[in-house]
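Colleague: Could you take me through one part of this model in some detail? I would like to see how the two copies meet, with a little context around it.

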Protein chains: 2
Amino acid sequence: MRCEVLAIGTELLLGQIVDTNSAWIGEQLALAGIDHHHQAKVGDNHGRIVGALRAALDRADAVIVCGGLGPTQDDITREAIAEVMGVDLEHHDEIAAVIRALFEARGRRMPDSNLRQAQVPRGATIIEQRRGTAPGLICPVPGGGVVYAVPGVPHEMQEMLTRSVLPDLRRRAGSTGAIRSRVLRTWGESESAVAELLSSRVAALDHGGSTTIAFQASGIEGIKVRITARADDDDRASALVAAEEAEVRAVLGDLVFGVDGESMEVAVGRLLVERGLTLAVAESLTGGLIASRLVGVAGASEFFTGGVVAYDPRVKHEVLGVPPGPVVSEATAKAMAEGVRAHLGATVGVSTTGVAGPDELEGQPPGTAWLGLALGDRVEAVEVRVPGDRERVRQYASISALDRLRRALRA
Amino acid sequence: MRCEVLAIGTELLLGQIVDTNSAWIGEQLALAGIDHHHQAKVGDNHGRIVGALRAALDRADAVIVCGGLGPTQDDITREAIAEVMGVDLEHHDEIAAVIRALFEARGRRMPDSNLRQAQVPRGATIIEQRRGTAPGLICPVPGGGVVYAVPGVPHEMQEMLTRSVLPDLRRRAGSTGAIRSRVLRTWGESESAVAELLSSRVAALDHGGSTTIAFQASGIEGIKVRITARADDDDRASALVAAEEAEVRAVLGDLVFGVDGESMEVAVGRLLVERGLTLAVAESLTGGLIASRLVGVAGASEFFTGGVVAYDPRVKHEVLGVPPGPVVSEATAKAMAEGVRAHLGATVGVSTTGVAGPDELEGQPPGTAWLGLALGDRVEAVEVRVPGDRERVRQYASISALDRLRRALRA
């Protein structure tokens with residue numbers, strides 16, 4: 001089973017929006033074991049969408065088309081797919097009723113233009129919309145291929161792909177029975193190191209069994225380990241995943257910070273709430289990045305007190321009570337963590353100080369970072385060396401500092 | 001002249017890296033007036049790169065290939081282009097010498113694998129490398145088309161595209177003589193409003209003249225107005241751009257915050273340094289985003305003192321001296337701006353408080369933001385209503401607050 005991705009939208013070609021959907025879909029296809037060799041983007045142009053669809057179907061068995069399902073005149077994915085299928089569009093009253101009800105629930109009248117979203121190529125199966133107004137489509141095409149149409153809004157697309165498109169693709173790929181999978185998120189080791197740690201598990205599973213392990217780097221956010229199991233029914237597949245998860249966790253231990261979509265800051269927040277602790281951060285090197293990650297967690301007010309961005313050394317000394325001396329140092333990182341905890345009235349303090357670059361500071365090279373932690377009587381700091389440019393150093397130091405707190409909370 | 005973009009790399013298909021290069025190149029092509037209808041991505045596979053190149057050349061006159069010029073075995077863009085050209089690869093001693101010198105300048109020995117980067121398809125023109133080790137290539141193909149190969153590292157690609165690829169594309173598009181362009185960055189009005197403001201300028205230029213104006217939305221970072229002029233030589237083209245820039249600035253006034261690659265925080269930083277002022281920020285709604293934007297500016301220590309992320313209301317009251325009362329309010333925003341300025345010892349204070357969502361706060365809907373400013377005797381706050389989800393509300397409020405400071409500093 002080969003599947004391609006086609007993203008639709010003139011705004012993508014013009015660079016007004018960066019297409020993150022294709023990368024997300026590509027990752028899901030890889031983790032599902034579906035071959036995926038091409039991605040393409042075209043604008044809101046009927047002939048070019050039709051041409052791109054036909055080219056993709058020449059190479060692959062399935063195409064996921066993302067975007068162009070909105071209510072306006074330039075949303076023409078439905079028309080293009082109908083042409084490739086060789087059928088007309090039909091109006092579906094029940095889709096129109098659902099969309100009308102969505103508007104009424106928000107106290108608004110449905111504009112007539114939304115009726116376009118009730119047009120469906122004859123012979124297509126509808127994927128019910130749960131987050132937006134546009135239903136998705138599963139469209140058989142002459143020659144045995146299939147085109148899936150999903151919205152371009154990321155959270156609508158992701159929900160529909162997970163719920164409907166990926167299971168349908170797996171069925172067509174000949175995967176019968178139930179499939180369950182779970183992603184264990186790890187941080188602190190490279191992809192090759194995680195793979196090496198789990199090599200005996202991979203070898204144990206590698207005898208035509210129904211459970212598999214796959215690895216994937218996801219930028220600065222760590223390495224994902226996906227456990228997938230196939231069985232005759234859901235319960236058995238879930239049991240296989242749970243059994244393998246226990247094995248993998250026994251090997252990886254503290255490297256695992258979360259499951260599926262959980263970010264590092266979500267994991268940290270949960271541990272803080274469980275322990276009844278509150279966190280304050282003092283940031284020099286990372287300059288507000290840790291705070292903004294934490295504030296991005298829904299419910300952050302339960303565990304996050306606030307932060308001090310101590311960019312000017314005087315702020316370190318006068319506000320946080322850091323003693324005189326070099327700022328890129330263990331003593332400063334420790335004093336910042338203790339100082340911010342006391343200053344903002346939290347029970348835990350985390351700090352960063354270091355050299356983002358491009359120039360040296362206090363004779364230390366770019367990428368030098370001291371990460372401080374004040375947790376109960378424990379006040380400590382560790383030095384890490386971070387590769388990359390200014391932005392990457394700051395991002396990496398942010399997640400490193402959160403990971404250190406996570407491990408300390410679990411200890 | 002039609003140009004397509006082909007991004008190379010299995011890591012892009014797997015979703016390990018989001019491809020931002022294609023969006024950037026698409027924007028440059030649009031601003032240069034070059035038609036651009038397709039983008040594609042393929043992995044590090046010889047046959048598929050060759051196939052994608054041939055398909056692109058069937059539709060377009062030029063293809064920009066991004067990535068796969070590195071030194072390792074899976075960097076095979078050079079080989080694929082040679083096959084499409086129908087020629088062999090040749091070793092170029094002078095390229096090898098340049099790469100070797102780059103390594104020696106860093107005190108390292110060049111690995112033999114880097115010699116791959118000295119391989120060039122016969123008949124290709126070399127684009128000198130100035131930021132990385134890989135030279136770019138300009139490759140004529142049978143039938144009159146051209147393939148440009150540039151590195152996948154964004155800052156290397158951008159420099160090479162600007163310096164060499166875009167000028168070469170313009171020449172091939174029949175644009176003779178000199179071309180100069182300048183982007184005026186605006187913030188505070190929609191694309192259609194900016195276009196309407198400048199409609200008389202567009203009409204004045206629309207008589208076959210050699211100067212043009214183009215508009216482009218760039219996400220949350222505002223609307224770009226690009227002025228492009230063609231003339232017989234550089235001096236005349238530059239004079240035409242300067243003359244039109246004066247006309248456009250006379251219309252747009254304070255909407256213009258910077259030119260070309262300047263971000264809002266760079267513009268704010270420059271104004272602060274010019275006036276000998278230092279800035280402290282108090283962030284509730286934006287939770288560290290303003291601070292992290294400011295710290296991202298090289299030389300931020302000249303104008304940025306630091307910040308307080310006042311997420312818990314107690315931090316607002318106890319650390320910043322905000323009086324009791326609703327936190328989503330004018331009074332709180334003003335007190336936060338004054339409080340942080342005094343607390344961190346800066347001369348200017350900026351603050352944000354509001355409702356990121358998804359829930360209401362103090363009876364106010366998500367998207368409600370109060371932006372405070374303390375500048376000399378001037379202490380004030382304005383309310384803005386921001387569309388979108390939690391993340392967008394926070395991003396938009398951050399740039400709004402910086403823009404208000406910018407306008408106040410210019411007043």
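To start us off, what percentage of the 411 residues in chain A is buried?

Modeller: Happy to! Please keep in mind that this is a predicted model. Buried residues account for 55% of the 411 residues in chain A. The chain is built from 14 helices and 17 strands, and its C-alpha atoms occupy a box of roughly 75 × 55 × 40 Å along the principal axes. Of the contacts in chain A between residues at least 6 apart in sequence, 68% link residues at least 24 apart. On the outside, chain A has an accessible surface of about 16,300 Å², with 49% of that belonging to carbon and sulfur atoms. Its side chains include 43 positive and 54 negative ones, and the centres of these two sets are 1 Å apart.

Now for the meeting of the copies. A turn of 180° with a shift of 0.0 Å along the axis lays chain A on chain B with an RMSD of 0.1 Å. That is how a two-fold axis relates two copies. The contact draws on 55 residues from chain A and 54 residues from chain B. Of the interface residues of chain A, 98% are interface residues in chain B as well, so the copies meet through the same surface. Together the two chains bury about 4,200 Å², and carbon and sulfur atoms carry 56% of it. On the chain A side, Leu13(A), Val295(A) and Tyr311(A) contribute 14% of the area buried against chain B, more than any other three residues.

Two places in chain B add some context. One is helix 4, residues 77–85, where 7 of the 9 residues are buried, so this helix is largely enclosed by the rest of the structure. Its buried residues are Thr77(B), Arg78(B), Ala80(B), Ile81(B), Ala82(B), Val84(B) and Met85(B); an arginine is thus listed alongside residues such as Ile81(B) and Met85(B). Just after the helix comes Gly86(B), with a positive phi of about 75°.

The other place is also marked by a glycine, Gly388(B), which sits in the loop between strand 17 (378–385) and helix 14 (390–410). With 54% relative accessibility, Gly388(B) counts as exposed, since the cut-off for that class is over 50%. Gly388(B) is 66 residues from Val322(B) in sequence, and their C-alpha atoms are 28 Å apart in space.

How values were computed. Residues numbered from 1 in each chain as written. Chains lettered and ligands numbered in written order. Predicted model: local features only at pLDDT ≥ 70, side-chain atom pairs only at ≥ 80, totals over all residues. Heavy atoms only, no water. Helix = DSSP H or I, 4+ residues; strand = E, 2+ residues; numbered from the N terminus. Buried < 20%, exposed > 50% of the residue type's maximum accessible area, 1.4 Å probe, protein only. Contact = heavy atoms within 4.5 Å. Areas by Shrake-Rupley, 256 points an atom, 1.4 Å probe, with all protein chains shown as cover. Lys, Arg positive; Asp, Glu negative; His and termini not counted. Charge placed at Lys NZ, Arg CZ, Asp CG, Glu CD. Least-squares fit on C-alpha atoms with pLDDT ≥ 70 in both. Buried area = accessible area lost by both parts, 1.4 Å probe.
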